[in-house]
2 protein chains.
Amino acid sequence: MRTETVENYLKTIYNLSSDNTAVVTNQKLADKLNINPASVTEALRKLHELKYVVYEKSYGTRLTATGAKMAIDMVRRHRIWETYLAKELGFGWDEVHEIAEELEHVKNDKLINKLAELMGNPSFDPHGDPIPDAKGKFQKNKFVNLSEGKIKGAYKIMGVSDHSPVFLKYLEKHQLIIGAEVQVKNIEEVDGSLVVLCNKKEVIVSPKVAGNIIVAVK
Amino acid sequence: MRTETVENYLKTIYNLSSDNTAVVTNQKLADKLNINPASVTEALRKLHELKYVVYEKSYGTRLTATGAKMAIDMVRRHRIWETYLAKELGFGWDEVHEIAEELEHVKNDKLINKLAELMGNPSFDPHGDPIPDAKGKFQKNKFVNLSEGKIKGAYKIMGVSDHSPVFLKYLEKHQLIIGAEVQVKNIEEVDGSLVVLCNKKEVIVSPKVAGNIIVAVK
DNA sequence: ATTATCTTTTAGGCATGCCAAAATTAATAA
DNA sequence: TTATTAATTTTGGCATGCCTAAAAGATAAT
Ligand SMILES: [Mn+2]
Ligand SMILES: [Mn+2]
Ligand SMILES: [Mn+2]
Ligand SMILES: [Mn+2]
């Protein structure tokens with residue numbers, strides 16, 4: 001059964017096993033889904049039954065081909081809705097995730113495809129994440145982390161890996177938004193903070209923050 | 001708890017007790033919700049507990065003020081989404097209801113208000129039903145049924161009371177759509193069918209169909 | 001190799017929503 | 001009014017998803 005719960009599990013497994021086939025632990029799933037580990041065990045048993053995942057006891061879980069297809073479908077829906085909310089309805093990039101968490105479960109492919117078409121089939125969502133097309137194909141990007149930035153290096157912000165409102169509002173306050181061009185002026189010895197020039201202003205970016213900013217080398 | 005189930009019950013009770021305070025029977029609820037009458041009894045007991053309805057055993061149910069407020073909120077969401085799907089995304093009036101059944105449950109007032117605003121706060125949905133504003137106020141209309149039409153009478157179609165795709169597609173085929181102007185040429189003695197002129201074509205409208213077309217007298 | 005720690009699983013429960021069958025109540029007809 | 005029919009409620013069950021506490025398994029440290 002493709003319940004909302006199943007959809008959420010599959011999507012989350014997919015997001016946690018970033019580099020395709022990596023195995024996901026129960027703990028990480030429990031954390032991400034805000035659910036007790038015992039409940040995760042149960043759920044995985046069922047998902048295994050349904051052939052959506054391969055679940056090996058006390059080892060970990062990975063998606064089957066069927067599961068991956070469903071997961072990618074969810075990712076598409078989520079990101080299309082996020083993009084729509086931001087681009088067409090004027091929601092902030094810190095607001096869209098939560099609403100998309102609900103909208104993604106509306107069962108109507110035509111709806112998603114119409115929204116996508118209306119926006120010219122965008123390839124990236126407001127956080128810079130790639131949007132799979134209707135067939136599940138993505139544009140794979142090869143960006144790096146700002147924390148790998150070098151002194152005098154010039155970069156362009158392409159995405160973020162932390163989607164929490166707190167983080168996103170913080171970035172916005174300093175104009176560290178998608179598309180912004182930044183230059184690394186210095187890297188502090190003490191704590192590894194980056195002093196970057198962004199929009200003609202100097203901003204100090206902590207390693208933690210830098211680690212969640214995805215950039216292209218210019 | 002305001003679950004999806006609760007929202008559906010309240011909305012349905014509201015829709016079934018058309019003339020405000022009319023009592024709704026379990027049977028009608030069971031039919032509309034496609035649920036076993038036994039389940040309806042249980043649900044109503046809980047809704048009564050929650051003070052959303054006044055439920056009197058073996059007699060019937062009506063909404064409390066609190067329940068009515070929630071119901072009207074649901075009606076607003078449903079109709080805003082229907083209008084949005086039709087006007088902005090190009091869905092047919094026969095397609096929008098089903099999708100809106102799901103979208104109406106997304107918990108975000110800002111979203112609904114943005115959609116409404118974007119469309120200029122419409123007062124009627126694609127079926128001619130009035131859309132309550134954010135405060136729950138509607139424009140009460142005083143239309144009549146086409147089945148009450150008189151020979152030589154001229155009318156304008158303002159709405160429909162059957163929202164099923166079959167019915168709506170049938171109407172569309174004969175151009176009997178909202179805004180269309182019709183003139184009653186004759187009423188057949190045999191079965192009460194109306195012969196109406198619509199878009200310069202004669203159409204025979206059965207009593208059953210006419211009974212689901214809402215018109216304004218011109 | 002053994003202990004301590006952390007993760008996962010099992011066992012036993014609970015809430016929500018639904019159903020079918022039987023019992024009760026209400027409404028209608030005779 | 002009494003019998004028949006129809007609507008409602010009660011009873012006992014079931015599936016889904018979640019939880020806590022206890023048991024078992026895996027990992028890491030001494
Ligand atoms: Mn979700
Ligand atoms: Mn995103
Ligand atoms: Mn609904
Ligand atoms: Mn409608």
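**Reading loops, metal sites and helix packing**

Q: Where is the place of A:Lys51 in chain A?
A: A:Lys51 sits in the loop between α3 (37-49) and β1 (53-56) of chain A. The model is a predicted one.

Q: What is the sign of phi at A:Lys51?
A: A:Lys51 is not a glycine, yet its phi is positive, at about 65°.

Q: Is A:Lys51 buried or exposed?
A: Exposed means over 50% relative accessible area. A:Lys51 has 62% relative accessibility, so it counts as exposed.

Q: Where is B:Ser58 found, and what is its phi?
A: The loop between β1 (53-56) and β2 (60-63) of chain B holds B:Ser58. This residue, likewise not a glycine, has a positive phi of about 55°. B:Ser58 has a relative accessible area of 81% and is therefore exposed.

Q: Turning to the metals, which residues are the protein donors of the manganese ion (ligand 2)?
A: Donors are N, O and S atoms within 2.8 Å of the metal, and water is not among the atoms, so a site may look incomplete. For the manganese ion (ligand 2), the protein donors are A:Glu82 through OE, A:Asp125 through OD and A:His127 through ND1, at 2.0 to 2.3 Å.

Q: How are the donor residues of the manganese ion (ligand 2) spaced in sequence?
A: Their spacing reads E-x42-D-x1-H. A:Glu82 belongs to helix α4 (residues 65-87) of chain A, while A:His127 lies in the loop between α6 (109-118) and β3 (144-145) of chain A, so this pair ties together parts 45 residues apart in sequence. A:Glu82 and A:His127 are both buried.

Q: Which residues are the protein donors of the manganese ion (ligand 3)?
A: The manganese ion (ligand 3) has B:Asn8 (OD1), B:Glu104 (OE) and B:His105 (NE2) as its protein donors, lying 2.1 to 2.2 Å from it. The sequence spacing here is N-x95-E-H. Distant parts of the chain are linked by a pair of these donors: B:Asn8 is in helix α1 (residues 4-16) of chain B, and B:His105 is 97 residues apart from it, in the loop between α5 (96-103) and α6 (109-118) of chain B.

Q: What is the relative accessible area of B:Asn8, and what is that of B:His105?
A: Under 20% counts as buried. B:Asn8 has 21% and is therefore partly exposed. B:His105 has 4%, so this residue is buried.

Q: At what angle do α4(A) and α6(A) pack?
A: The angle is about 45°, and the axes are 10 Å apart. The helix α4(A) is therefore oblique to α6(A). Its crossing past α6(A) is left-handed. From α4(A) the contact includes A:Ile80, A:Trp81 and A:Tyr84, and from α6(A) it includes A:Leu111, A:Ile112 and A:Leu115.

Q: At what angle do α1(A) and α2(A) pack?
A: Helix α1 (residues 4-16) and helix α2 (residues 26-33) of chain A pack at about 120°, with 10 Å between their axes. That angle makes α1(A) oblique to α2(A). The crossing of α1(A) past α2(A) is right-handed. A:Asn8, A:Tyr9, A:Thr12, A:Ile13 and A:Leu16 of α1(A) meet A:Lys28, A:Leu29, A:Lys32 and A:Leu33 of α2(A).

Q: Which domains does the domain assignment of chain A give?
A: The assignment gives domain 1 (3-63) and domain 2 (144-217). Taken over C-alpha atoms, the centres of these two domains of chain A are separated by 32 Å.

Technical notes. Residues numbered from 1 in each chain as written. Chains lettered and ligands numbered in written order. Predicted model: local features only at pLDDT ≥ 70, side-chain atom pairs only at ≥ 80, totals over all residues. Heavy atoms only, no water. Donors = N, O, S within 2.8 Å, 3.2 Å for Na, K, Ca; no water. Helix = DSSP H or I, 4+ residues; strand = E, 2+ residues; numbered from the N terminus. Buried < 20%, exposed > 50% of the residue type's maximum accessible area, 1.4 Å probe, protein only. Domains from an automatic or database assignment. Axes fitted to C-alpha atoms, helices over the stretch in contact; angles between N-to-C directions. Parallel < 35°, antiparallel > 145°, perpendicular 65-115°, else oblique. Left-handed = near helix turned anticlockwise from the far one by under 90°. Contact = heavy atoms within 4.5 Å.
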